[in-house]
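User: Please go through the cysteine pairs of this model with me. I should like the reasoning behind each label.

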Amino acid sequence: MAIGSLLRRGQKLFRASLLAAVLAVLLVDVRYNAVSAQSLEPFAKMVGSSFCMYLAYKFILPRKYFNLCGPPTCGWDDWQDALQQSSNHTQQQRYVVSYSHNGFGNQLWEHSVAFMVAESLKAKLLIAVIPDNLSPGGFSPPNTWSGMSAMERLLPSEFLYESLPADSPIRSLCDNETFFASDRPVDWRNKNYSSNFRPQLHSLLTDPKPRCLKLLGYFQNLPLCQDDARRLWTDRLLANFTMRPGDNDISIYLRCIPRHYHFNNVQFYESILNHTKFDRIWLFQAPECPNKLSDNPAKDSLVTSVVRLLRERYNATRWPAYEGPDDTTALLHDLAGLAMSKKLILPISSWAFWAGMFSNATEIHVNAPPIHPLMPHNSQYIYHDEKNRMFFGRYNATANDIEYEIKPDVEFTPSMAQKLRNRGQSNHHGGNATVGGDGHHHHRGGGDHGKHGHGKGHAKLPPQ
């Protein structure tokens with residue numbers, strides 16, 4: 001009896017102590033989250049719109065910041081301005097290191113966002129290749145080095161991390177910094193990383209000593225300054241490539257990996273081309289796209305059927321191939337050709353996205369959101385909803401929605417078709433690809449590329 005009484009008393013004491021321990025942990029966790037959430041809100045404006053939105057997407061800042069982060073400040077105009085402004089900053093010294101990984105299109109996103117973050121923090125920006133210890137499996141992701149090779153053609157050397165001397169105090173500071181802001185799912189699935197993100201970022205932002213903010217991930221669809229992004233990358237990109245399509249030609253880019261990228265069907269291209277005026281079609285193809293077609297169309301795959309349609313029915317011409325062994329020059333040549341096109345049809349691809357961003361095109365035909373990001377401030381974007389057979393959509397700011405001119409439940413009359421074609425007709429000269437008269441040597445293109453509504457409400461922006 002005495003033993004049973006002792007056991008019962010021990011069980012009660014154990015349950016009480018266990019409950020007390022659980023309550024203590026919960027209380028600490030509640031206090032920690034409340035303090036950490038409050039402590040980061042004062043920095044929402046300081047870190048700038050792009051990084052602020054990133055923190056809201058990761059639920060580090062409350063959801064209200066989707067509307068409170070505001071537009072990008074866009075204070076730095078170009079690389080030289082960034083050098084001057086960050087050098088003149090005499091207060092708390094910070095550095096932003098942006099890690100390159102995956103293809104060239106992804107790297108343009110990574111470093112454009114990093115530029116905006118560095119501008120907001122008045123920090124010196126440096127660009128480096130992802131180290132092996134932060135790479136999945138210990139190996140650099142696919143296309144990282146080919147993308148970085150192209151990036152080095154466009155970047156001033158002052159922004160390359162590898163240009164720092166081995167004994168540089170900046171290199172020592174950043175090499176020893178263990179915290180990094182990630183936009184990779186693999187990191188956020190790590191409980192240690194996600195639970196420590198707030199206090200580590202808070203420490204970095206409040207530390208009076210020099211600190212290094214490392215950015216690692218994709219950071220796509222965050223707010224960018226389009227004019228600044230164009231100035232950052234196109235001056236060098238377009239300086240050495242003067243061959244361009246005619247002003248009334250239309251350029252189409254194909255990325256032929258349906259299992260990895262959304263690939264549009266025959267109806268998508270027919271619906272656009274049958275209602276658009278153009279003089280010639282230029283076909284830009286990724287290396288995996290077929291160059292030869294079989295004699296039996298009945299055996300065509302999705303990809304082959306589209307390539308056959310464009311070549312045989314619409315007489316599309318392959319953009320002249322770069323004649324040389326340099327894959328980097330070939331990649332940049334094709335991107336420059338797309339960027340200098342006045343009419344574009346672009347698939348889902350981060351590389352193709354930047355072709356649209358860099359261009360001064362009057363028409364950019366893309367997939368409807370969410371496949372392609374909504375570009376509410378760019379009227380030249382025309383959206384096409386392949387799944388629901390709605391085409392020629394334009395964003396209406398008043399309705400905060402995309403309004404389509406071709407829909408299954410609306411009879412499409414000849415006068416409507418003529419109206420669409422006339423809208424796309426410009427007064428520019430058409431014809432063959434032209435070469436500028438500025439005396440620059442021009443290469444011939446081709447090349448190797450890197451990786452990006454249903455009715456009312458499908459493409460709506462968040463409420464203001």
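Analyst: What follows concerns the disulfides of a predicted model.

User: What makes C74 and C225 a disulfide?

Analyst: Their sulfur atoms lie 1.7 Å apart, and the criterion is a pair of cysteine sulfur atoms within 2.5 Å; the pair therefore qualifies as a disulfide. C74 is in the loop between α3 and α4, while C225 is in the loop between β4 and α10, 151 residues apart.

User: Why is C225 called buried, and why is C74 called partly exposed?

Analyst: The relative accessible area of C225 is 3%. Buried means under 20%, so C225 is buried. C74 has a relative accessible area of 30%; this value falls between the 20% and 50% cut-offs, so C74 is partly exposed.

User: How do you know that C174 and C212 are bonded, and why is their link called right-handed?

Analyst: The sulfur atoms of C174 and C212 are 2.3 Å apart, which is within 2.5 Å, so the pair counts as a disulfide. The torsion about the S-S bond is about 105 degrees, and the link is therefore right-handed. Because C174 lies in helix α7 and C212 in strand β4, the disulfide ties together parts 38 residues apart in sequence.

User: Why does C256 count as buried, and what is its bonding partner?

Analyst: C256 has 9% relative accessibility; the cut-off is under 20%, so C256 is buried. Its partner is C289, with the sulfur atoms 2.0 Å apart. C289 is also buried, at 3%.

Methods
Residues are numbered from 1 along each chain as its sequence is written. This is a predicted model: local features need pLDDT of at least 70, side-chain atom pairs count only at pLDDT 80 or more; totals for chains, interfaces and linings use all residues. Side-chain values use heavy atoms; hydrogens and water are left out. Helices (H or I, at least four residues) and strands (E, at least two) are DSSP runs, numbered from the N terminus. Buried means under 20% relative accessible area, exposed over 50%, partly exposed in between (1.4 Å probe, protein chains only).
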